[in-house]
Amino acid sequence: MSPIYLDYNATTPVDPAVAEAMHPYIAMHYGNPSSAHAHGRTAKDAVEGARRQVAGLLGCTSEEIIFTGGGSESNNTVLKGVVYTYRHRGNHLITSAVEHPAIINPCRFLEQQGVRVTYLPVDRTGMVDPDEVRKAITPQTVLISIMHANNEVGTLQPIAEISRIARERGVLMHTDAAQSVGKIPTLVDELGVDFLSIAGHKVYAPKGIGALYIRSGVALEPLIHGAGHEFGRRAGTENVIFDVALGKACEVAQADLPRYQREVRQLRDLFQAELVKRFGDRVVVNGHPEQRLPNTLHVNFRGVIGAELLEKLPELAASTGSACHAGEIALSSVLEAMQVPSELGMGAVRFSLGRYTTREEIERAVALIERVY
Ligand SMILES: Cc1ncc(COP(=O)(O)O)c(C=O)c1O
């Protein structure tokens with residue numbers, strides 16, 4: 001029997017409807033969307049249809065969506081693009097200490113180029129205080145980039161409030177929504193953002209595809225120059241097969257949102273309640289108690305090392321800290337920023353549920369944990 005998959009924040013399986021939508025473009029329709037003949041038109045229609053599906057999930061127009069090679073590329077496009085495009089205005093960025101490496105590391109790179117970056121602290125739940133954002137803005141600030149949902153602990157940031165502050169001060173606003181898309185509403189106008197990044201493989205599309213929302217009228221120098229693909233914002237012949245996949249995945253995700261709010265949340269809450277019932281204060285739940293992704297349960301198991309606990313549980317596929325930078329026992333930078341004591345944070349395990357998680361799996365997972373902890 002394959003392990004119970006509780007690592008949906010690391011990646012999701014490809015939804016069968018997504019695989020089915022991709023198939024004709026693998027098997028038959030090989031045209032280049034730039035070609036003027038029928039093969040080209042078929043491919044172009046597919047890409048533009050997919051763009052509309054992505055836009056549908058984000059509540060924007062399809063001209064505001066570009067396809068990218070994933071969440072990391074979307075983030076890099078915004079950070080480097082804004083710094084370059086608005087260099088005459090200023091050279092200061094604001095982000096948070098709990099961002100994914102796909103934000104932190106481009107920021108570090110930009111610091112080496114002379115850009116000033118403020119990494120805002122978070123509270124014990126992992127949340128940024130909008131007042132801290134307000135205080136950090138200077139006349140040199142060109143961009144605020146704060147993630148929508150944290151990949152490790154699932155805490156949701158007050159993006160709409162931060163966006164209002166950004167707008168009042170004439171600063172552009174980006175959110176990395178790789179973890180929130182498909183799990184909670186991610187409507188760009190409700191969030192008030194100018195840029196929003198998504199990653200296909202977190203929303204039941206394949207790895208290596210993503211999208212970036214760029215608010216209409218906002219100038220942004222591309223990361224990849226070349227021919228005029230993606231409205232001149234990202235050159236390279238379109239990845240028709242994967243664009244179609246992401247489009248379908250967004251359509252399915254939109255229909256599936258209520259299930260995340262109810263069924264997935266209920267299963268996560270059941271999981272949490274069962275762990276607390278069995279282990280009492282030997283377990284500590286991380287992240288915000290309410291403002292948290294409905295699928296994420298991040299727990300410190302007292303007195304053990306998370307990785308060692310999972311080694312005893314080959315029947316469970318979960319993560320210590322974050323799967324994107326696993327393999328080391330040091331406390332994750334997210335838990336460090338949340339000021340989780342290291343003897344506690346060492347026992348951290350992230351369980352993330354998804355579309356195919358069942359009650360039976362959760363019950364089995366709890367029983368398995370009880371056997372070894
Ligand atoms: C919050 C967040 N941003 C960005 C990424 C990177 O996305 P991708 O793997 O598509 O480059 C991830 C994936 O782990 C993520 O969790």
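## Helices, sheets and one buried glutamine

Helix 1 passes helix 9 in a right-handed crossing, and this pair is a convenient place to enter the structure, which is a predicted model. The axes of helix 1, residues 16-27, and helix 9, residues 240-279, come within 8 Å and cross at roughly 155°. Because angles over 145 degrees count as roughly antiparallel, helix 1 is described as roughly antiparallel to helix 9. On the side of helix 1, the contact is made by A17, V18, A21, M22, Y25 and I26, and these meet V240, I241, F242, V244, A245, K248, A249 and V252 of helix 9.

Helix 9 has another helical partner to consider, namely helix 2, residues 38-58, which packs against helix 9 at an angle of about 30°, with the two axes 8 Å apart. Since angles under 35 degrees count as roughly parallel, helix 2 is roughly parallel to helix 9. The crossing of helix 2 with helix 9 is left-handed, whereas helix 1 passes helix 9 in a right-handed crossing. In helix 2 the residues that take part are A43, A46, V47, A50, Q53, V54, G56 and L57, and they meet V240, D243, V244, L246, G247, K248, C250, E251, A253 and Q254 in helix 9. Reading the two contacts together, V240, V244 and K248 of helix 9 appear both in the contact with helix 1 and in the contact with helix 2.

Helix 9 also leads to a sheet, for it lies across strand 9, strand 10 and strand 12, running at about 15° to strand 10. These three strands form an open sheet in the order 9-10-12, with antiparallel pairing. Strand 9, residues 283-286, and strand 12, residues 348-352, stand at the edges with a single partner strand each, so that one side of each is left without a neighbour in the sheet. Neighbouring strands here are turned by 30° against each other on average, direction ignored. Strand 9 and strand 10, the latter spanning residues 296-301, run antiparallel and are joined by four bridges, and within this pairing V284 has N300 in strand 10 as its bridge partner.

A further sheet, also open, is built from seven strands in the order 2-8-7-6-5-3-4, and its pairing is mixed. The edges of this sheet are formed by strand 2, residues 65-68, and strand 4, residues 116-120, each of which pairs on one side only. On average, neighbouring strands of the sheet are turned by 20° against each other, direction ignored.

Following the order from strand 2, the reader comes to strand 8, which is joined to strand 2 by four bridges, the two running antiparallel; in this pairing the bridge partner of I65 is Y213 in strand 8. Strand 7 and strand 8 also run antiparallel and are joined by five bridges, with S197 standing opposite L212 in strand 8. Strand 8 is itself mostly covered, five of its five residues being buried. In a regular strand the side chains alternate between the two faces of the sheet. In strand 8, G210, L212 and I214 point one way and A211 and Y213 the other way, and all are buried.

Elsewhere in the seven-strand order, strand 5, residues 141-145, and strand 6 run parallel and are joined by three bridges, among whose residues L143 has L172 in strand 6 as its bridge partner. Helix 6, residues 159-168, lies across strand 5 and strand 6, and runs at about 160° to strand 6. Helix 3, residues 71-85, lies across strand 2, strand 3, strand 5, strand 6, strand 7 and strand 8, running at about 155° to strand 7.

Strand 6 also leads to the last stop, since Q179 lies in the loop between strand 6, residues 172-176, and helix 7, residues 188-191. With a relative accessible area of 5%, Q179 is buried, because under 20% is the cut-off for that word. The side chain of Q179 reaches the backbone oxygen of N9 at 2.9 Å, and a polar contact of 2.7 Å joins the side chain of Q179 to that of K183. Leaving aside residues up to four places away in sequence, Q179 touches N9, A149, N150, N151, K202 and L293.

Technical notes. Residues numbered from 1 in each chain as written. Predicted model: local features only at pLDDT ≥ 70, side-chain atom pairs only at ≥ 80, totals over all residues. Heavy atoms only, no water. Buried < 20%, exposed > 50% of the residue type's maximum accessible area, 1.4 Å probe, protein only. Polar contact = N/O pair within 3.5 Å; in protein donor to acceptor, adjacent residues only side chain to side chain. Contact = heavy atoms within 4.5 Å. Pairing = 2+ DSSP bridges. Axes fitted to C-alpha atoms, helices over the stretch in contact; angles between N-to-C directions. Parallel < 35°, antiparallel > 145°, perpendicular 65-115°, else oblique. Left-handed = near helix turned anticlockwise from the far one by under 90°.
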